[in-house]
Amino acid sequence: MSAHDTVAELADFKHLRETSSDVKKSFVVVFVMGMIFGVPANLLALVYFCKRQSNPASNKRYMTLLYRVITLVDTLICLLVFPLVESLWRISSHEDGKTNNAKISKDTLPPLPTLFGEPTFCTIWGLSWNVLSVLSVYLVGILSFSRCQLLLHPLSTLNIFKPALLLSFLILFIVIEKLVAHLASSSFYKDVEYGFDRNLGVCYILSEENSSDYIIAQSVMFTILLGLPVLPIIGSFVVSVYKLREAQKRERKVKSGDSSKHREASTTVILITGMYILCNLPVLFFYMFIWVGGYTCFFKALSEDLEKQEKICANSSLEREELLVMSMIWIACYTLLILINSTLNPLIYFTRIKELRESLVKQRDTILRRFKKGDSRVEEERREEIRNTRDENI
């Protein structure tokens, strides 16, 4: 390679590092906004659903229990984003330093973040994120299928036992699988543990050797658990929309308060399902692109820097720019889209559920009245103090 080619290649890597830094900083902004809005909004919705009363044997009770779990999971997801803010900001700042300071070696790794730098915290966070991201998918699926069943069979009674059993099985499966991977000593599970990736800025399950088949197996499982459920949920979504339109046509002929409430509840579920599809369909497309295109080397090179990724995927047709884009999309699929979905769900609750809005207005009025009473009490005490001072002077 000539000196001119070397200079051009260095300039190319410098430009890619700048791009990577800018994208990660954009992710940080979205993460911060998601936390600031998502945590209090989901907490308010959780409080409302916990207070909402209904007949224990009714379908409304079933839906209320589902909404409670969904808002709790969304709250935890929004809270768990905090360590990502620190890690991605440190990595982007380090990439800026390597770009602007020639004294910093290109092989220098970014500093470990405070939280993700702790192995125990990294393991707990990684496992919690895996469980919560899968739960968020299947909770929306259960919600969508349940509402679809009510639209198809309005007189049916929903039972919370089966969904609870499914969710418990999913949690046990994920936890046990990760525990086995961590404890096993076979070649398939060679040196597998949760670790902090200094290039991607997240904690996730890693193998000491990038050639380990476990990395591919994890990618397959991720595709199955998070990507493939989109397809049946889309089917449920289409059926629900069709049945809802039919119900609206019937409602124009026979006006009924109960049918109107049923339609409003169905519309809320359809909006939540539609939001989920918009946020998770890219995950399925991205993984299908990798599997169908034969770019599985990307999974093995994921935890490496751009130069090593290019060497690992030398036999594929992937260019370094494409590898960078794929890495950014992977971060978005693993963290960003999940956060956006959890953050936007409360907006649907607030705009669609009248009782929730009324509850928030009552809480606001109660707080304002308490403040006014507090102000009036302070003012009265001040006046009393002035009168006492005057009496003492006289």
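**Exercise 1. Is C297 buried or exposed, and how does its disulfide sit in the chain?**

*Task.* Classify C297 by accessibility, then describe the disulfide that C297 forms with C313.

*Solution.* The model is a predicted one, and every value below is computed from it. Step one is accessibility: C297 has a relative accessible area of 16% and is therefore buried, given that buried means under 20%. Its partner C313, at 2% relative accessibility, counts as buried too. Step two is the bond, in which the sulfur atoms of C297 and C313 are 2.4 Å apart. Step three is handedness: the torsion about the S-S bond of C297 and C313 is about 120°, so this disulfide is right-handed. The link joins distant parts of the chain, with C297 in helix α9 (residues 297-301) and C313 in the loop between α10 (306-312) and α11, 16 residues apart.

**Exercise 2. How many disulfides does the structure hold, and what pattern do they follow?**

*Task.* Count the disulfides, describe the one formed by C122 and C203, and state the pattern of the bonded cysteines.

*Solution.* The structure holds two disulfides. In the one formed by C122 and C203, the sulfur atoms lie 2.0 Å apart. The angle about the S-S bond of C122 and C203 is -125°, and this link is left-handed. It connects distant parts of the chain, since C122 belongs to helix α4 (residues 119-152) and C203 to strand β2 (residues 203-207), 81 residues apart. Both C122 and C203 are buried. With bonded cysteines counted along the chain, the disulfides follow the pattern 1-2, 3-4. Two further cysteines can be classified by accessibility: C279 is buried, with a relative accessible area of 5%, and C333 is buried, with a relative accessible area of 3%.

**Exercise 3. How many salt bridges does a search of the whole structure find?**

*Task.* Count the salt bridges, then give the closest N and O distance, helix and accessibility where these are available.

*Solution.* The search finds two salt bridges. As background, side chains of opposite charge can pair when their charged atoms come close. E86 forms a salt bridge with R90, in which the closest N and O atoms are 3.2 Å apart. Because E86 and R90 are four residues apart in helix α3 (residues 82-100), about one helical turn separates them. On accessibility the partners fall into separate classes: E86 is buried, with a relative accessible area of 19%, whereas R90, at 30% relative accessibility, counts as partly exposed. The value for E86 lies below the cut-off, as buried means under 20%. The other bridge is formed by K243 with E246, the closest N and O atoms being 3.3 Å apart. Both of these residues lie in helix α7 (residues 230-253), three residues apart, which is about one turn of the helix. E246 is partly exposed, with a relative accessible area of 25%.

**Exercise 4. Which geometry does the aromatic pair of F49 and Y349 have: stacked, tilted or edge-to-face?**

*Task.* Take the count of aromatic pairs, then classify the pair of F49 and Y349 and the pair of F222 and Y287.

*Solution.* The count comes to 17 aromatic pairs. F49 and Y349 form one that is edge-to-face, with 5.6 Å centre to centre and 90° between the planes. This pair links distant parts of the chain, F49 being in helix α1 (residues 3-51) and Y349 in helix α11 (residues 320-352), 300 residues apart. F49 counts as buried at 0% relative accessibility, and Y349 is likewise buried, with a relative accessible area of 0%. The pair of F222 and Y287 is tilted, with 5.2 Å centre to centre and 40° between the planes. F222 lies in helix α6 (residues 213-227) and Y287 in helix α8 (residues 257-293), so the pair ties together parts that are 65 residues apart in sequence. F222 counts as buried at 13% relative accessibility, and Y287 is buried, with a relative accessible area of 3%. Ring pairs also link F222 and Y287 into a cluster with Y204, F286, F298, W330 and Y334.

**Exercise 5. Where does R357 lie, and with which residues is R357 in contact?**

*Task.* Place R357 in its helix and list its contacts, leaving aside neighbours within four places in sequence.

*Solution.* R357 lies in helix α12 (residues 354-393). It is partly exposed, with a relative accessible area of 35%. Leaving aside neighbours within four places in sequence, R357 is in contact with F350, T351 and R352. R357 and Y48 are 309 residues apart in sequence, and their C-alpha atoms are 9.7 Å apart in space.

Terms used
Residues numbered from 1 in each chain as written. Predicted model: local features only at pLDDT ≥ 70, side-chain atom pairs only at ≥ 80, totals over all residues. Heavy atoms only, no water. Helix = DSSP H or I, 4+ residues; strand = E, 2+ residues; numbered from the N terminus. Buried < 20%, exposed > 50% of the residue type's maximum accessible area, 1.4 Å probe, protein only. Contact = heavy atoms within 4.5 Å. Phe/Tyr/Trp six-rings, centres within 6.5 Å; stacked < 30°, edge-to-face > 60°. Salt bridge = Lys/Arg side-chain N within 4 Å of Asp/Glu carboxyl O. Disulfide = S-S within 2.5 Å.
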